[in-house]
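Got your viewer open? Here's a walk through the model, one selection at a time.

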Amino acid sequence: MDLIGVIEAAKELFVLDYREMLDMAVLQGVAIAGSERCCIIIENKKGELVIKAGFPKSGHGIGEKIDSDERGEKLMCKIISDGGMIWIDRPGQDQRTRYLRSLAEQYSISAVVFIPLFCNGEPLGLMALDFTVDQEKFLHSNLNKIKIFSEFVATAMSVLYRQREHEEQILRQSRLSLIGQNATGIVHNIRNAATTIGLTMNRLDK
């Protein structure tokens, strides 16, 4: 895929909802990079790292937290805080990625690239791409395209997340307004009933 193709692929991300966008991003990430596997790990509001999307979907632990050094938490936090891409050859033998040893053997992973995802200086998470020995030749030639695509992914994440928050806020306000209207109606009905009861009591007294 050439650079124009990368940009066209990236445009598709902005017309999807947030969840679909993440799934599409990892699928396109594999196609652009020429890699075997791809996943996106998000830093949530609590500062926790969560695997949000992966291709293929099996074997990534989608929805799970990266909550220990045995799962690479220290390395990933460093990548996000430093803001620089890291390329690791032979991840099964590297101390920084010792948590990948079994996966490296299972999927014949010979190289891993971690790309931090930033938008307007705000860290969002990272994208990880796994390469087999046969695919490493694509890594060198596609590295620039991977970086450009990751920037689009980060922008789409930020835009769609804020859009989703805005829609949820409007929905909350709409619900509160509806509750208020219902409460007003209930109070009105109670007042009418109380007035009727009061008039009846006065008549009975007379």
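Start by selecting helix 3, residues 73-82, and show its side chains: Leu75, Met76, Ile79 and Ile80 are the buried ones. Look down the axis and you'll find that these four span an arc of only 130 degrees, so they sit on the same side of helix 3. Spin to the other side and you get the exposed residues Lys74, Ser81 and Asp82.

What do the buried residues of helix 3 pack against? Add strand 1 (37-43), strand 2 (49-55), strand 3, strand 4 (109-119) and strand 5 (122-132) to the view, since that's the set they pack on. Before leaving, click on Gly83, just after helix 3, where phi is positive at about 75 degrees.

Bear in mind that what you're looking at is a predicted model. Colour it by pLDDT: the average for the protein is 81, and 78% of the residues reach at least 70. Strand 2 has the highest mean of the elements, at 93, while helix 5 (residues 136-205) has the lowest, at 68.

Next, go to strand 4. Of its 11 residues, 10 are buried, so this strand is mostly covered. On one flank, strand 4 pairs with strand 3 in the antiparallel sense, over 4 bridges; pick Asp89 and you'll find its bridge partner, Ala111, in strand 4. Strand 4 also runs antiparallel to strand 5, and here 10 bridges do the joining. For a pair to zoom in on, take Ile115, which stands opposite Met127 in strand 5.

Now follow strand 4 into strand 5. Their hairpin leaves 2 residues between the strands. Select Asn120 in that loop: its phi is positive, about 55 degrees, although it isn't a glycine. Is Asn120 buried or exposed? It's exposed, with a relative accessible area of 81%, as the cut-off for exposed is over 50%.

Jump back to Ser108, in the loop between helix 4 and strand 4. Ser108 is another residue that isn't a glycine but has a positive phi, about 55 degrees. Its relative accessible area is 48%, so Ser108 goes down as partly exposed.

While you're checking backbone torsions, visit the loop between strand 2 and helix 3, where Pro56 is found. Check omega from Phe55 to Pro56: that peptide bond is cis, with omega near -10 degrees.

Next selection: Arg98, in the loop between strand 3 (86-89) and helix 4 (101-107). With a relative accessibility of 39%, Arg98 is partly exposed. Which residues does Arg98 touch, leaving aside neighbours within four places in sequence? Asp69 and Pro91 are in contact with Arg98. Draw a distance from the Arg98 C-alpha to the Gly72 C-alpha as well: you should get 8.1 Å, for two residues that are 26 apart in sequence.

Last stop: Gln28, which belongs to helix 2 (residues 18-33). At 8% relative accessible area, Gln28 is buried. To see what surrounds it, show Ala9, Ala10, Glu12, Leu13 and Phe149, which Gln28 touches when residues up to four places away in sequence are not counted.

Note on methods:
Residues are numbered from 1 along each chain as its sequence is written. This is a predicted model: local features need pLDDT of at least 70, side-chain atom pairs count only at pLDDT 80 or more; totals for chains, interfaces and linings use all residues. Side-chain values use heavy atoms; hydrogens and water are left out. Buried means under 20% relative accessible area, exposed over 50%, partly exposed in between (1.4 Å probe, protein chains only). Contact means heavy atoms within 4.5 Å. The arc is that of the directions from the helix axis to the C-beta atoms. pLDDT is the predictor's confidence in each residue, from 0 to 100. Two strands pair if DSSP finds at least two bridges between them.
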